Amino acid sequence: MEFQDMAGHVIRRLHQASSALFQSRMKAAGFDLTPVQFAALDAVAAAPGIDQAGVAARIAYDRATIGGVIDRMERKGLLAREVSRRDRRARELRLTRDGEAVLEAARPVVRGLQDEILSDLDDAERVQFLALARKAAGAGAGEAG
């Protein structure tokens with residue numbers, strides 16, 4: 001089997017194309033956000049007070065590196081950390097006003113680029129691709145994403 005025909009290679013190439021398109025559209029729209037930062041903002045918006053581990057789980061990201069992502073977003077003024085009232089060792093995350101504004105303004109850009117990522121597929125193929133990709137990723141059992 002040629003490496004070009006291997007699932008991992010094709011998935012990596014699609015990820016590269018998707019990430020490049022995301023960065024291009026975000027930059028053109030005036031946003032300084034990575035795909036992971038956007039996903040983290042969305043996760044915190046959906047579950048205010050969530051902790052870092054919860055964000056990592058929600059967006060299927062590595063727990064060991066989510067801290068750096070959260071640190072950068074806090075420095076940008078998009079997220080705030082507060083000591084949990086339930087567990088003084090835990091830090092709860094909330095969007096700042098700037099974070100809310102950035103997320104709301106960026107959402108249409110992200111929605112708009114979704115069809116571009118799979119532009120060579122027709123509508124039925126996109127639906128089929130997403131269903132198969134979710135299944136292959138193990139997300140078919142009710143996991144949000």
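**A walk through the predicted chain**

Let us begin with charge: the protein chain carries 22 positive and 21 negative side chains, and the centres of these two sets lie 7 Å apart. Keep in mind as you look around that this is a predicted model.

Now for the overall architecture. The protein chain has 6 helices and 2 strands. If you follow the sequence from its start, the elements come in the order α-α-α-α-β-β-α-α, with the two strands sitting between the fourth helix and the fifth. Along the principal axes, the C-alpha atoms fill a box of roughly 55 × 35 × 25 Å.

How much of the protein chain is buried? Of its 145 residues, 27% count as buried. The accessible surface of the protein chain comes to about 9700 Å², and carbon and sulfur atoms contribute 52% of that area. As for how the chain meets itself, take the contacts with a separation of 6 or more: 47% of them join residues that are 24 or more positions apart.

With that picture in place, turn to the beginning of the chain. Here Met1, Phe3 and Met6 form a nonpolar patch on the surface, and together they have about 370 Å² of accessible area. One member of this patch, Met6, is found in the segment before helix H1, which spans 7–28. Is Met6 buried, partly exposed or exposed? Its relative accessibility is 37%, so Met6 counts as partly exposed.

Next, please move along to the loop between helix H3 (52–58) and helix H4 (63–75), where you will find Ala60. Its backbone deserves a look: the phi of Ala60 is near 55 degrees, a positive value in a residue other than glycine. Most residues other than glycine have a negative phi. Ala60 is also exposed, because its relative accessible area is 61% and the cut-off for exposed is over 50%.

Tyr61 lies in the loop between H3 and H4 as well. How exposed is Tyr61? With a relative accessible area of 30%, Tyr61 is partly exposed, since that class covers values between the buried limit of under 20% and the exposed limit of over 50%. Which residues does Tyr61 touch, leaving aside those up to four places away in sequence? The partners are Val36, Ala56, Ile66 and Val69. Of these, Ala56 falls within the range of H3 (52–58), while Ile66 and Val69 fall within that of H4 (63–75). Finally, for a sense of distance, look from Tyr61 to Ala90: the two are 29 residues apart along the chain, and their C-alpha atoms are separated by 19 Å.

Methods: Residues are numbered from 1 along each chain as its sequence is written. This is a predicted model: local features need pLDDT of at least 70, side-chain atom pairs count only at pLDDT 80 or more; totals for chains, interfaces and linings use all residues. Side-chain values use heavy atoms; hydrogens and water are left out. Patches are made of residues with over 30% relative accessible area and no salt bridge: like charges are joined within 9 Å, nonpolar side chains (Val, Leu, Ile, Met, Phe, Trp, Tyr) within 5 Å. Accessible areas come from the Shrake-Rupley method with a 1.4 Å probe; for residues, only the protein chains shown count as cover. A salt bridge is a side-chain nitrogen of Lys or Arg within 4 Å of a carboxyl oxygen of Asp or Glu. Helices (H or I, at least four residues) and strands (E, at least two) are DSSP runs, numbered from the N terminus. Buried means under 20% relative accessible area, exposed over 50%, partly exposed in between (1.4 Å probe, protein chains only). Contact means heavy atoms within 4.5 Å. Lys and Arg count as positive and Asp and Glu as negative; His and the chain ends are not counted. The place of a charge is taken as NZ of Lys, CZ of Arg, CG of Asp or CD of Glu.
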